[in-house]
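Visitor: I should like to learn how the features of a protein model are read. May we take them one at a time?

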Amino acid sequence: MTPQYWTQATQELAACDPVMQQLIGQFPDATLVSRGCAFTTLARSIVGQQISVKAAESVWQKVIGAIPEISPHTIAAAGQELLRACGLSARKVIYLHDLSRHFREGDLNETAWEGLDDESIIKQLIQVKGIGRWTAEMFLIFHLHRPDVLPLDDIGLQRAMSLHYLDKQPVDKKTMLELAKPWQPWRSVATWYLWRSLDPLPVAY
């Protein structure tokens, strides 16, 4: 499912920023897509922490090979050895089990998210072991399709902004916020195109 705002966002970004205009033109048929399952999105985000998109996809394929029906209950029932054999670190196994517990015990209330602002949802999600602000922001972008998220800690975004806007010079958070001002209220969309400029494999969680 593609966000309803995508066409409007790309038109407005292309009109206000020449780099965005070029990137949007480079990937005309590409859009952000939700996988439709909150638990799966968060689990994939945990799997993808601190590794490349390609490595994360490889590990995730092994996980779904070992556990075809991904759910809080099947992940909770999967032993540490099984998950470790898929290429997950011991720490990520703990994180996935804690995520499963939060869903099974009803601590993460999906129906309430629609009425909450981004920061309130982040506050809720970071109660789970292994979910920090970055993972919560990936969830806001990829599952909830929040349009104006700027993940300042994301290494890919930092690299892309350095490459396209700063002639490969290092970028700090203050500079990132300044560069991203014209993108509001579509910073999630701009971020997605900047990721895409670095990796032919579309980012998805």
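Guide: The dialogue below goes from the overall fold to a pocket, a helix and several loops. Please keep in mind that this is a predicted model.

Visitor: How many helices and strands does the protein chain have?

Guide: The protein chain has 13 helices and zero strands. Read from one end of the sequence to the other, the pattern is α-α-α-α-α-α-α-α-α-α-α-α-α.

Visitor: What radius of gyration does the protein chain have, and what would a compact globule have?

Guide: A compact globule with 205 residues would have a radius of gyration near 17 Å; the protein chain has 17 Å, so the two agree. Along the principal axes, the C-alpha trace spans about 50 × 35 × 30 Å. Buried residues amount to 46% of the 205 residues. Among contacts with a separation of 6 or more, 65% are between residues 24 or more positions apart. The accessible surface of the protein chain is about 10400 Å², and carbon and sulfur atoms hold 51% of that surface.

Visitor: How is empty space found in such a model, and how much space lies in the largest pocket?

Guide: The general idea is that rolling a probe the size of a water molecule over the atoms shows where empty space is left. In this structure, the largest pocket holds about 600 Å³ of space. Its lining has 22 residues, and those closest to the centre are Gly 48, Ile 51, Trp 134, Asp 154 and Ile 155.

Visitor: Which helices supply at least two residues of that lining, and what is the lining by class?

Guide: Helix 10 (133–142), helix 11 (155–165) and helix 13 (187–198) each supply at least two residues. Helix 10 gives the most, with four residues. By class, the lining has nine nonpolar, eight polar and five charged residues.

Visitor: How many of the residues of helix 10 are buried?

Guide: A general point on helices comes first. An α-helix has 3.6 residues a turn, so residues three or four places apart point the same way. In helix 10, nine of the ten residues are buried, and the helix is mostly covered. Among the buried residues are Trp 134, Glu 137, Phe 139 and Phe 142. The cover over the buried residues of helix 10 includes helix 3 (38–47), helix 8 (110–113), helix 9 (118–125) and helix 13.

Visitor: Let us turn to the loops. Is Leu 88 buried or exposed?

Guide: Burial is judged by relative accessible area, with buried meaning under 20%. Leu 88 has 2% relative accessibility and therefore counts as buried. Leu 88 lies in the loop between helix 6 (80–85) and helix 7 (90–104). Leaving aside residues up to four places away in sequence, Leu 88 touches Val 47, Val 59, Val 63, Leu 83, Val 93 and Leu 96. Of these, Val 63 is 25 residues from Leu 88 along the chain, and their C-alpha atoms are separated by 8.9 Å.

Visitor: What should be read from the backbone angles in the other loops?

Guide: Omega describes the peptide bond. The bond from Gln 184 to Pro 185 is cis, with omega near 5 degrees. Pro 185 is in the loop between helix 12 (173–180) and helix 13.

Visitor: Where are Asp 167 and Lys 168 found, and what is their phi?

Guide: Asp 167 is in the loop between helix 11 and helix 12, as is Lys 168. Asp 167 has a positive phi, near 50 degrees, and is not a glycine. Lys 168, also not a glycine, has a positive phi of about 70 degrees. Asp 167 is exposed, with a relative accessible area of 66%, and Lys 168 counts as exposed at 62% relative accessibility.

Terms used
Residues numbered from 1 in each chain as written. Predicted model: local features only at pLDDT ≥ 70, side-chain atom pairs only at ≥ 80, totals over all residues. Heavy atoms only, no water. 1 Å grid on protein atoms, 1.4 Å probe; cavity = no way out; pocket = protein on both sides within 12 Å on 5 of 7 lines; lining within 4 Å. Points joined across faces, edges and corners; volume = space filled by probe spheres on them. Nonpolar A, V, L, I, M, F, W, Y, C, P; charged D, E, K, R; others polar. Rg over C-alpha atoms; globule rule 2.2 N^0.38 Å. Buried < 20%, exposed > 50% of the residue type's maximum accessible area, 1.4 Å probe, protein only. Contact = heavy atoms within 4.5 Å. Areas by Shrake-Rupley, 256 points an atom, 1.4 Å probe, with all protein chains shown as cover.
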